[in-house]
Amino acid sequence: MRFSENGSKMQNNLFDELTGIYNQQSFFEYTAQMLDNYPDISFCLIYWNIRKFRTTNDLFGWQAGDKILIHWANTLREILGDELAVYARMDHDNFVCCVTEDFLNNSDWTKLGEISYFTGDTEYHFYSCCGLYKITDRTLPLSNMIDKARAAMETIKNNYMTLYAWYDESMWNALLEEQRMNSEFKTAIAERQFKVYYQPICRASDGLITSAEALVRWQHPTKGMISPGVFIPLFEKNGFISILDRYVWDEVCAMQQSRLDQGLATVPVSVNVSRVEFYNPALCDDIRNIVKKHNISPDFIKIEITESAYSDNPVQVLEAIKKLHAYGFSVLMDDFGSGYSSLNMLKDLPIDVLKIDMRFLDDFEKSRKATIILESIIRLAKWMKLSVVSEGVETQREWEYLRSVECDSVQGYYFYRPMPQESFTTLLDQSAEKSINLLFRDSEELDDSILDIFNHSNTLESILFYSMLGGMGLLEVCENEVEILRVNNGYYEAVYNALPRERKLINQPFEEPERSFILEQCRLAREGSKIQQFQLHHERKDGVYIWLSVKVRYIGGSAHRSLFLFAIENIDEQKRLEHERYRTNYSTVLLKLFDRVYRLDYSTESVELLHNVNKRFKTPQAQFSFPDFFKNISIVTAPKDFDKIELLKRKDSLDTLLAKEHTNCIPIHYELASDETVAGTTAYFFKAELPDGSEHYLCCVKRNS
Ligand code: C2E
Ligand code: CA
Ligand code: CA
């Protein structure tokens, strides 16, 4: 006897419209009948979920999703055949079945765990997981039995290696615990049991705190501190999350308002927005209204949106991001790389900051592959002008690595754990001093006495630490000698583009001409008690010249000795571009000096007119062969120069001639007295050597008067 339908299309309301198998309502009805009719047979309840079904829908479209559901239902029908069973589609991608224990023991029903599906010529594989409940107590409501099977399924939903799980009582307790938490939520909000913790986010280059993330905890009266990983998924299911999120945003805004009103330092704080919020069209306005209520600028609140929110709801999320931008908020993409989103999707999303999921660092020590992926994400983000935060930084090695690949910011236990508001605001108060310590935390070059100078010098202003990135050190001026005493690692990176093995390169006094130049700048810095900034063409100890931008600040000393703090930046590339720009600009001006400029190409024996300023002398022709060009010149040339012209026609003889003339230039005078316009004109032949090593022969013509 079979209790499921026969595959023909639906009559009345018994069947699921899409798949044609029973729906939830008929499942209840026929299962109850079956259990009644067979009191001596042992039955089990199975609850299935198709894994990553939502992603499938996103990737291939809902029509494809529908086809898969139909295919899955058909497979279920085939496997159960004429068995004593009732099966149905519960909702979405969830299926249920009540079948004999005997069938489960003696069939290969587990092949439902992986089914393949062909579209066109491509084969796709779909995976499912299920929970099983052996019906021991037939007096239980059927809905309760289904809950039990579902609870078992939930325990392996994220465990891809496991196909099924049998229900046990502990799972039921978890379910009860969920229900209890749900029932306690309202009181918890009213009694302000939820606490906002803050985890600082640091600039990767030096560890300076630049922002923070707000993370909620539940300070439960009897159970103690509950982590958001436990209750957030729960509140996302029943919608309480939208109340909780607003509570958190409000707390954060209140904290910011209080700091700002008191004139205290603060940093922007990012808040999390649950993925389910994007079903709420009022989301962005709610955020804006909370910020407005506290009278703070949107600059102090940033919005974190998870990658999964985007893959659930791409259209809504995109719209929300645009709106949040219009309201003045920065938007961060959280947990990037944790899901199925591709790097490609980034180009469609106008986000400001990319937060890379901490799982990438989990594999840091083990897998070269993870670091390659990490590195390419960072590179791509840079290219797209996105700032990058790496989460979950737990070791110095991880930090160093992230710095080396130019990740902008870091967040993790190595720097700070999430902390209660009071600790966070205390930290903000001390942040200037803290940043000094952090700045040199791993610099072997700076010993304690130097740190003392940094910490106790009240002439030091935060600006030094905020704006002086990279190489830093201490410089001593004694009589007329200048010497570098200490440097940090950044110094070597700026000067040598690497950390040299031999770090003793610095302890030598500067020599002329650098010495007088630096002495003068230090004098200006000391007398003006200001930061003196200048550029230095510095000769390294290995003889290589580099351009540096230098800032010096006087920090103390005696009559004969002065100590300066300095910061340097390598501007070689900047200088090179600058010089190139000068050359281009100057050459336009220089060209204008001459009436006409020709370029002689000895390999093709042709001449090209590059420039002609004299309108009266307009030459329609811009290109000549050597014979024509030199013939034209010969006509107007003074007879004494005739011999020279012969030599100009060949490269080797011109080179010899140029070598003889110390002016590096061969002038040819035009002296046809009868023609006024030609009289008093000179053509200069010379060789121009360009920085790229190429040689060009030019002829520049200029009227003498
Ligand atoms: P998330 O947004 O990815 O937050 C980062 C999580 O990583 C936090 O967990 C943080 O404590 C933890 N973490 C930070 N540094 C490290 C580290 O170095 N190593 C390791 N292993 N973990 C680190 P937490 O506070 O337990 O929060 C978990 C998740 O709960 C958050 O993940 C976020 O998705 C959610 N959440 C937290 N607060 C809120 C909230 O107010 N609203 C919403 N909607 N979700 C929240
Ligand atoms: Ca987050
Ligand atoms: Ca995250």
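The legends below describe close-up views of a predicted model.

**View 1. Coordination of the calcium ion (ligand 3) in the predicted model.** The calcium ion (ligand 3) is held by carboxylate oxygens at 2.2 to 2.5 Å, with Asp334 and Asp335 each contributing an OD atom and Glu391 entering twice through OE. Read along the sequence, these donor residues follow the spacing D-D-x55-E. Aspartate 335 belongs to strand β12 (residues 330-336), while glutamate 391 sits in the loop between β14 (387-390) and α14 (396-404), so the pair ties together parts that are 56 residues apart in sequence. Aspartate 335 counts as partly exposed, at 24% relative accessibility, whereas glutamate 391, at 6%, counts as buried.

**View 2. Two calcium ions and the aspartate that coordinates both.** A distance of 3.9 Å separates the calcium ion (ligand 3) from the calcium ion (ligand 2), and aspartate 334 coordinates both.

**View 3. Surroundings of leucine 591 in helix α21.** Helix α21 spans residues 572-593 and includes leucine 591, a residue that is partly exposed, with a relative accessible area of 31%. When its neighbours within four places in sequence are left aside, leucine 591 is in contact with Val597 and His611. The view also takes in cysteine 700, which lies 109 residues from leucine 591 in sequence, although the two C-alpha atoms are 8.7 Å apart in space.

**View 4. Threonine 425 and the residues it touches.** Threonine 425 is part of helix α15, which covers residues 421-429, and with a relative accessible area of 17% threonine 425 is buried, because the limit for that class is under 20%. Not counting residues up to four places away in sequence, threonine 425 touches Met255 and Arg259.

**View 5. Cysteines in a structure that holds 0 disulfides.** The structure holds 0 disulfides, and cysteine 130 accordingly takes part in none, the nearest cysteine sulfur being that of cysteine 129, at 7.3 Å. Cysteine 130 is buried, with a relative accessible area of 1%. For cysteine 665 the closest cysteine sulfur is in cysteine 700, and the separation of 8.1 Å is too far for a bond, because a disulfide requires the two sulfur atoms to be within 2.5 Å. Cysteine 665 is likewise buried, with a relative accessible area of 14%.

Terms used: Residues are numbered from 1 along each chain as its sequence is written. Chains are lettered from A and ligands numbered from 1 in the order in which they are written. This is a predicted model: local features need pLDDT of at least 70, side-chain atom pairs count only at pLDDT 80 or more; totals for chains, interfaces and linings use all residues. Side-chain values use heavy atoms; hydrogens and water are left out. Donors are N, O and S atoms within 2.8 Å of the metal (3.2 Å for Na, K and Ca); water is not among the atoms, so sites may look incomplete. Helices (H or I, at least four residues) and strands (E, at least two) are DSSP runs, numbered from the N terminus. Buried means under 20% relative accessible area, exposed over 50%, partly exposed in between (1.4 Å probe, protein chains only). Contact means heavy atoms within 4.5 Å.
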